[in-house]
Amino acid sequence: MSNTKKVLMKGNEAFAEAAILGGCRYYFGYPITPQNEIPEYMSRVLPKRGGHFIQAESEISAINMAYGAGAAGGRVFITSSSPGIALMQEGMSFLCSAEVPCVILTVSRCGPGIGGIQPGQADYFQATRGGGNGDYKIPVFAPSTVQEGADLVYESMALADKYQNPILIFTDGLLGQMMEPVALPEPVVDIKSTDIREHKPWALTGYWDDDKKRNTVISLRLQPERLEEHIHKLFARYEQAEKELTRVETVGIEDADVVLVAFGTMARIVKEAIDMLAAQGIKAGLIRPISLWPFPYATFDKLTDKTKVVISAELSMGQMIQDVKLGVKDRFPVKLLNRTGGMIPTSLEITERTAAILKEIGG
Amino acid sequence: MLKPVFEYTKGMLRVDTNFCPGCTHGISHRLITETLDEMNMLGKTIGCGPIGCAVMAHRFMNVDMCECAHGRAPAVASGVKCVHPDNIVFTYQGDGDLASIGTAEIIHAAARGENITTFFVNNAIYGMTGGQMAPTTLVGQKSTTTQAGRDTHQSGFPIRVSELIATLDGAVYVERVALNTPANVNKAKKAVRKAFDVQQKKLGFSFVEFVSTCPTNWGLSPLAAMDFLKNEMLPYYPLGVFRSPEGGEE
């Protein structure tokens, strides 16, 4: 339930506040542009709301502090940006393996390497395929407005607990740095440390007496039979996530000549371009995946034979396009419309390039 | 009725450990859990284990416990302690885990004055991976990656971790003990108790280094390993209190 009253907030601060309202009481951060407002906000605000802030010595430590607090039953939120997320991925794999919840938000920038600090989407593979080792999945949500980002962070605090798995929110420098009006959600009821055991019977709380079984949180399973069984258990949960967490927004795809697929910041610009294309008599539709994993493959089945081409519009050299092709299943040609390195196309550029692609394929 | 002279502590679970004959991990495990039992704190303790020979510590120590990625236990324990500030929280780490890959984590947990206790098992070698050079391997000591003996031109110098930690103001109690004689084991137990007392009084970071053995990877018999500990390790790793809440070195 949201307040009707809207406040003007910078994306990063809205995400931080939404995490606190969603029950986050533990935040561990390390400075990296363009997400620095989040650790700053948390250091200032979280202790006053009964929470704990630690400035970690590295992103590696931040994710491991998150593992500790999450294993101990706390609600944890951590944030970073692209190269910092790369450092956290050992930990993400570990959290999945040990079934420890945590919400992680990336305010992505450009790579490879240190790259640049302008917005980018070239971490699509990093987010959806992961860089950690082993068989694991992390649900990834990609908001395209500050409001949607705040709502997804808030909801993910509970989803991480439900799935006993990390949840990743994929934003970029543009969403993190821009100000938009936000209606903030109501705060969830706080769970005291002493009550954690009731809510999370698996958590490390100290087992208190001989009557209660002690708890262990582990990742190592040396017997292949046990490890295989454990991985199947995780994947049963991921199968459930595919059913419950697949989210997508569509705009006018049923009768579209051309369907653009875009997420996050890029989807905002594509929406403008769709109106500009309409003015030229070109019917363009949009598929906006909100969940990048699970990817909304089934949505592509709704495209009709009227569609001539599907365009994956990305701020990268083309990463989501692989999932787009899996969704399209060879029914239509799939083209890439992209900028990278921190360059952001205008709606006019997208309009012109979309029209050119249509012409090229003989639409 | 006969009085038992030795009993299993409630702190150790009745399972066989995976440790080699003559390894001192069993002693340090017991000292920690026996002390917690005596303090009636077994049920209010959360342990954070390492990667290495003691990765299975959670199977032996009768407390709530988690595994941690290699070197990360002090960060994990910092997170645990935020949630449960009134529990005893400890890490148990070997020399590769703590003094090599986990150097940043241990230094900063100590510097922050995290109110946790770290037990550092220094046996001067990587045990579980099969005897490679550790940061604490002595100059001239043979390992599978220093087969002619550790050469400082090639492999640098061993790190004295307790002395390093003691330079940090967040560390309030730092002591190095050894597990080679009954007298030293008794002293080690007192150090374990003191570290937990410091934590219960919420004074800050406490650190106990156990100078330990690894007969298997040293290529020595258990008894010869004890001699190596005494004759080779203790001269480089002197026993003592490097920092205490009573002020400075003792």
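**Group meeting talk: two domains, two chains and a shared core**

So, the centres of domain 1 and domain 2 of chain A sit 28 Å apart, taken over C-alpha atoms. Keep in mind that this is a predicted model. The domain assignment gives 2-198 plus 235-242 of chain A as domain 1, and 250-360 of chain A as domain 2.

How many residues of domain 1 of chain A are in contact with domain 2 of chain A? It's 26 residues from domain 1, meeting 23 residues of domain 2. On the domain 1 side, at least two residues each come from α5 (124-128), β6 (140-141), β7 (166-172), α7 (173-177) and α9 (224-245) of chain A. The largest share there belongs to α5(A), with four residues. If you sort that side of domain 1 by residue type, you get 16 nonpolar, seven polar and three charged.

Okay, let's go inside domain 1 and look at some strands. I'll start with β4 of chain A, residues 76-80. Is β4(A) enclosed or open? Five of its five residues are buried, so β4(A) is largely enclosed by the rest of the structure. You can see that on both faces: V76(A), I78(A) and S80(A) are buried on one side, and F77(A) and T79(A) are buried on the other.

Who are the neighbours of β4(A)? One is β2(A), which pairs with β4(A) in the parallel sense over two bridges. There, Y27(A) stands opposite F77(A). Another is β5 of chain A, residues 102-108, which runs parallel to β4(A) and is joined to it by four bridges. In that pair, I78(A) stands opposite I104(A). To get from β4(A) to β5(A), the chain goes through helix α4, residues 82-98 of chain A, in a right-handed β-α-β crossover.

Now over to β3 of chain A, residues 52-55, which gives us a nice contrast. In a regular strand, side chains alternate between the two faces of the sheet. Which side chains of β3(A) are buried? H52(A) and I54(A), which point to one face; F53(A) and Q55(A) point to the other face and are not buried. β3(A) pairs in the parallel sense with β2(A), residues 26-29, over four bridges. One place to look is G29(A), which stands opposite Q55(A). And here's another right-handed β-α-β unit, made by β2(A), helix α2 (residues 37-45 of chain A) and β3(A).

Let's zoom out to the core. In soluble globular proteins, nonpolar side chains tend to be buried together. Here the largest nonpolar core has 185 residues, and V103(A), V270(A) and V80(B) are the ones with the most contacts inside it. Helix α6 of chain A, residues 146-163, gives the largest share, nine residues. Domain 1 and domain 2 of chain A each put at least three residues into this core.

Take V103(A) as an example. Leaving out residues up to four places away in sequence, V103(A) touches A19(A), F77(A), V153(A), S156(A), M157(A), A160(A), I167(A) and I169(A). F77(A) we've already met, in β4(A).

V80(B) takes us to the other chain. Where do the chains meet? The contact uses 35 residues of chain A and 29 residues of chain B. On chain B, β1 (45-48), β2 (64-66), α3 (73-83) and α5 (103-111) each supply at least two residues. α3(B) gives the most, with eight. By type, the chain B side has 15 nonpolar, nine polar and five charged residues.

There's also strand pairing across the chains. β9 of chain A, residues 216-217, pairs with β2(B) in the parallel sense over two bridges, and V217(A) has C66(B) as its bridge partner.

For one residue that touches both chains, pick A69(A), in helix α3 of chain A, residues 59-71. Why does A69(A) count as buried? Because 29 other C-beta atoms lie within 10 Å of it, and the cut-off is 20 or more. Beyond its neighbours within four places in sequence, A69(A) is in contact with Y26(A), G74(A) and V76(A), and also with G79(B), V80(B), C82(B) and V83(B).

Last stop, F242(B), in strand β7 of chain B, residues 240-243. F242(B) is buried too, with 22 other C-beta atoms within 10 Å. F242(B) and V172(B) are 70 residues apart in sequence, and 9.4 Å apart in space, C-alpha to C-alpha.

Methods. Residues are numbered from 1 along each chain as its sequence is written. Chains are lettered from A and ligands numbered from 1 in the order in which they are written. This is a predicted model: local features need pLDDT of at least 70, side-chain atom pairs count only at pLDDT 80 or more; totals for chains, interfaces and linings use all residues. Two residues are in contact if their C-beta atoms, placed from the backbone, lie within 7 Å. Ala, Val, Leu, Ile, Met, Phe, Trp, Tyr, Cys and Pro count as nonpolar, Asp, Glu, Lys and Arg as charged, and the others, Gly among them, as polar. Two strands pair if DSSP finds at least two bridges between them. Domain bounds come from an automatic or database domain assignment. A residue is buried if 20 or more other C-beta atoms lie within 10 Å of its own, exposed if 12 or fewer, and partly exposed in between; C-beta atoms are placed from the backbone. A crossover is right-handed if, with the strands pointing away from the viewer, the path from the first strand over the helix to the second runs clockwise. A nonpolar core is a set of buried Ala, Val, Leu, Ile, Met, Phe, Trp, Tyr and Cys residues joined through C-beta atoms within 7 Å.
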